[in-house]
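Here is a quick walk through one protein chain, with the sequence and the structure to follow along. Keep both open as you read.

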Amino acid sequence: LIVFTAVTILEFLGLLIVINLRSMEFLMFAWGIEKILILVGIGIVTNSFQKIQTAVEAVAGGNYEYKINEEKLVPGHRSLGEKLNHIASGMNMAVEERLKSERLKTELITNVSHDIKTPLTSIINYSELIISEGANGENTKEYAEVLNRQSKRLKKLLEDLLEASKAATGNIEVNLQTCDIGVMLTQTIGEFEDKFREKGLTLVEKRPEEPVWIKADGRHLWRVFDKLMNNIYKYSRE
């Protein structure tokens, strides 16, 4: 509409000038300049639109890292190019999060399968020993104790898996209470002091003198601390 209005005004002015000057040469010159300007404008707008079309096709084809240079677009297209770049970035982040989630699920399945396999193998082996030696066998009591211990371990692993599944889907129950985080950390440290000493690990504890009160589910938070300490114990060097 803007171009059409501009062309109409220019041609109208041209006609007025021709009528006044009665100069066909000037009319032809003005008409030629006008058409060249319109042609250049159409070319610029078309080129800008083609850049957007290329970007749309790239994103539609799965290339979410494609970015359109907004500076090379005409003013009317820059806002569209900016929104398109935002869409591509959002899609890229979504895909990366999905891939990360899939990798974590695969790792979880692998780790859980390995963790469950260990006590399950023990349960099978010791139950077979009890069967082969009989209920009154010399080592039956010892085998039964191992079975009991490994069964409890297997139960805990399955409970942990269920909790992890609930947490991942947002269905985990959280009972918020006022807790002193410093006391919880002190209790956790006390549980692991002897283990750390065996591994040659020196725990450096730094916390404020005043109590630090937080709202948390003490049971779940304790498991976080317990898992962190276990990982330190298992994988840290002296």
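## Two lysines and a tyrosine

The charged end of Lys 195 sits over the ring of Tyr 233, 5.6 Å from the ring's centre. Lys 199 also lies over the face of Tyr 233, and here the distance to the ring centre is 4.9 Å. Keep in mind that this is a predicted model.

Lys 199 also gives us a handle on another lysine, Lys 100. Those two are 99 residues apart in sequence, and their C-alpha atoms are 33 Å apart in space. Lys 100 belongs to helix 3 and counts as partly exposed because its relative accessible area is 44%, between the 20% and 50% cut-offs.

## How far to trust it

Averaged over the protein chain, pLDDT comes to 82, and 95% of the residues score at least 70. Confidence bottoms out in helix 1 (residues 2-21), where the mean is 73, and peaks in strand 2 (residues 213-216) at 94. As a rule, predicted coordinates should not be read in detail where pLDDT is low.

## Helix 5 and its kink

Helix 5 runs through residues 181-198. Its 18 residues reach 26 Å from first C-alpha to last, close to the 26 Å you'd expect at 1.5 Å a residue. Still, the helix has a kink of about 45°, centred on Phe 192.

Which residues of helix 5 are buried? They are Ile 181, Gly 182, Met 184, Thr 188, Ile 189, Phe 192 and Phe 196. The cover over them includes strand 1 (177-180), strand 2 and helix 6 (218-235). Take Thr 188: its relative accessibility is 0%, so it counts as buried. Setting aside neighbours within four places in sequence, Thr 188 is in contact with Trp 222, Phe 225, Asp 226 and Met 229.

## A phenylalanine pair

Searching the whole structure turns up two aromatic pairs. One of them joins Phe 192 and Phe 196 in a tilted arrangement, with 6.0 Å from centre to centre and 40° between the planes. Why tilted? The 40° angle falls between the 30 degrees below which planes count as stacked and the 60 above which they count as edge-to-face, so the pair gets the label in the middle.

Both rings come from helix 5, four residues apart, which is about one turn of the helix. Phe 192 is buried because its relative accessibility is just 3%, under the 20% cut-off. Phe 196 is buried as well, with a relative accessible area of 4%.

## The long run of helix 3

Helix 3 covers residues 75-133, and its length checks out: at 1.5 Å a residue, 59 residues should span 87 Å, and the end C-alpha atoms are 88 Å apart, so the two agree. Its buried residues include His 77, Gly 81, Leu 84, Asn 85 and Ala 88, and further along Val 112, Ile 116 and Pro 119. Ser 122, Ile 123 and Ile 130 are buried too. After the helix comes Gly 134, with a positive phi near 90°.

On the other side, Val 74 sits in the loop between helix 2 (24-60) and helix 3. Val 74 has a relative accessible area of 15%, so it falls under the 20% cut-off and is buried. Apart from neighbours within four places in sequence, Val 74 is in contact with Ile 44, Val 45 and Ser 48. Met 93 is 19 residues away from Val 74 along the chain, and 28 Å separates their C-alpha atoms.

Note on methods
Residues numbered from 1 in each chain as written. Predicted model: local features only at pLDDT ≥ 70, side-chain atom pairs only at ≥ 80, totals over all residues. Heavy atoms only, no water. Helix = DSSP H or I, 4+ residues; strand = E, 2+ residues; numbered from the N terminus. Expected span 1.5 Å × (residues − 1). Buried < 20%, exposed > 50% of the residue type's maximum accessible area, 1.4 Å probe, protein only. Phe/Tyr/Trp six-rings, centres within 6.5 Å; stacked < 30°, edge-to-face > 60°. Lys NZ or Arg CZ within 6 Å of the ring centre and 35° of its normal. pLDDT = per-residue confidence, 0-100. Bend = angle between axes of the 7 residues up to and from the residue. Contact = heavy atoms within 4.5 Å.
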